[in-house]
Amino acid sequence: MRIRLENKLPGDLDYLVVTRVPGSDAVASGLDEKTTALVNKVKELGGAEKYLETENTLYTEGGPAKRLVVVGTGKEFDVAAARKLAQTITRSLRKKGGKRIGFAFQLPEAANAGDLYQALAEGVVHSTFEPGFYYTGENKDEKVLEDVVFLTDSGSDLKDRVERGAVIGEGINLARYLSNETPNVMYPERLAQEAEKVAKETGLEFHALDENQLIEGGFKAIMAVGQGSIHKPRMIVLKHNGAGDAPYTGVVGKGITFDSGGISIKPAEHMDHMKMDMSGGAWTIGIMKILAQLKAPVNVIGVVAAAENLPGGGAYRPGDVVGSLEGKSIEVLNTDAEGRIVLADGLAYARRLGATRLVDMATLTGAIVVALGNTVTGVFTSDQAWTDLFLKTAINAGERAWQMPLFPEYKEQIKGTTGDLLNTGGRAGGSCTAAAFLKEFTGGVPWIHLDIAGTAYTESEKPYQAKGPSGQIIRTMVDFVIATAEGNK
Ligand code: BES
Ligand code: MN
Ligand code: ZN
């Protein structure tokens, strides 16, 4: 799919989408007379008055497109609304067979055009993702978007913002692709290969530790989790040096390529969803790709702690005490609380590689889904000031995040009997005790933990989004690491 800005529309569009601001007499500029007259007619009749109202599909002749769609922006057309409008309209028109789509945006007067154009481009790219990777025959979705044109007479500033939006959209789609890919294919070694591919395309530095290097290096925690699978763990690293010798932010992702629960096996129902248990890792790879492509002036180390959690003759068991790179011993009570164990080594390794502050993303606990539902990311921290910046950034990016407590009492719940730390503190406050566990491996540096178990995966199709991996919080993370570097905090 190509996305570009033109000051004149090509003549062969399947659809031309024109936005309409309610209460305004203006029509998007640059349109031909006939189209302008049609849009005016829609206005006169009071059509497309509300946000996303699109019943006004007109069939046109001789104009730039076969069909004209007038869509309302509603009164409060902010960045999030713009992105969602682009996702919804583009997705719907593509599904109707639209291959070449033009957009002529009339935006609210007070709007920041750059921010909105970036969001619109992001939304268009986001809409191209579908999860049916292995559809064959008539199931195969041949409905592919080829060409998208934004009509505008403005100059290079908007062009930069549209490109930025497309880069972010593509990074998010890469993360969604990795997350959606099936667990028989996307095991730790393959995830490492995907990261290497990204590095080759973008100039990121890459290395991945294989099982021998992990054993040699003392990564006992991640090795324990992965020991039941023939697909052995990998510690995957992508590095972006965009700010000389400035401090590095470590972005660490949980990369469980399949979580069966291990010996503490999960119920069969919905176990298939656990192919997405590497979403934190997938998001990490997407974020690193975006930062590299934007040539962001930041220093970031991305670490993906990848392992497969399976039961079997070689698997780790409840009762085992396992070591870790950090040195602390972990008393395993439940092999299904594996994410925190692989992250223990991931967080420690990011620091060894030079990270002086850490953010991790993990589909860590079912308890966060109970607490916050499927649209809100749970946020835990050891550094309130830095987290305030994160929460503000999330609001601006239009993504929901909510801070959860991390009181010292939670640590008491995970005090071990035979080893230092229990890998579960029981049902009560399950997300908080999981966070308390992770904190023990951060060495006291500023750290933010994002529990994305509720938000990583969309269980049902939405008009604005396909079923499956969401990519949610990636956009916030990109803005956040950039804002962090700017404030040098
Ligand atoms: N990957 C799961 C958490 C999860 C649940 C992600 C639902 C997405 C949707 C995690 O490894 C897990 O199994 N956590 C356990 C921890 C418990 C055994 C302490 C849980 O939440 O039940
Ligand atoms: Mn688990
Ligand atoms: Zn898991």
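Here are some questions and answers about the metal site and ligand 1 in this predicted model.

Q: What makes Lys254, Asp259, Asp277 and Glu338 count as coordinating the zinc ion (ligand 3)?
A: Their donor atoms sit at 2.0 to 2.4 Å, and the cut-off for a donor is within 2.8 Å of the metal, so these residues qualify.

Q: Why is the site of the zinc ion (ligand 3) called octahedral?
A: There are six donor atoms, with angles of 79 to 174° among them. Six donors count as octahedral if opposite ones are over 155 degrees apart and all others between 65 and 115, and the site of the zinc ion (ligand 3) is classed that way. For comparison, the ideal octahedral angles are 90 or 180 degrees.

Q: Which residue ties the zinc ion (ligand 3) to the manganese ion (ligand 2)?
A: That's Asp259, which coordinates both; the two ions are 3.1 Å apart.

Q: What makes the approach of Asp277 to ligand 1 a polar contact?
A: An N or O atom in the Asp277 side chain is 2.9 Å from a nitrogen atom of ligand 1. A polar contact needs a pair of N or O atoms within 3.5 Å, so this one makes the cut. Asp259 has a polar side-chain atom 2.9 Å from an oxygen atom of ligand 1.

Q: How much of ligand 1 does the protein cover?
A: It covers 78% of the 520 Å² of accessible area that ligand 1 has on its own.

Q: How do the residues of the shell around ligand 1 divide?
A: They split into four nonpolar, five polar and seven charged.

Methods
Residues are numbered from 1 along each chain as its sequence is written. Chains are lettered from A and ligands numbered from 1 in the order in which they are written. This is a predicted model: local features need pLDDT of at least 70, side-chain atom pairs count only at pLDDT 80 or more; totals for chains, interfaces and linings use all residues. Side-chain values use heavy atoms; hydrogens and water are left out. Donors are N, O and S atoms within 2.8 Å of the metal (3.2 Å for Na, K and Ca); water is not among the atoms, so sites may look incomplete. Four donors count as tetrahedral if all angles lie between 85 and 135 degrees; four count as square planar and six as octahedral if opposite donors are over 155 degrees apart and all others between 65 and 115; anything else is irregular. A polar contact is a pair of N or O atoms within 3.5 Å; within protein, one must be able to donate a hydrogen and the other to accept it, and residues adjacent in sequence count only if both atoms are side-chain atoms. Accessible areas come from the Shrake-Rupley method with a 1.4 Å probe; for residues, only the protein chains shown count as cover. Ala, Val, Leu, Ile, Met, Phe, Trp, Tyr, Cys and Pro count as nonpolar, Asp, Glu, Lys and Arg as charged, and the others, Gly among them, as polar.
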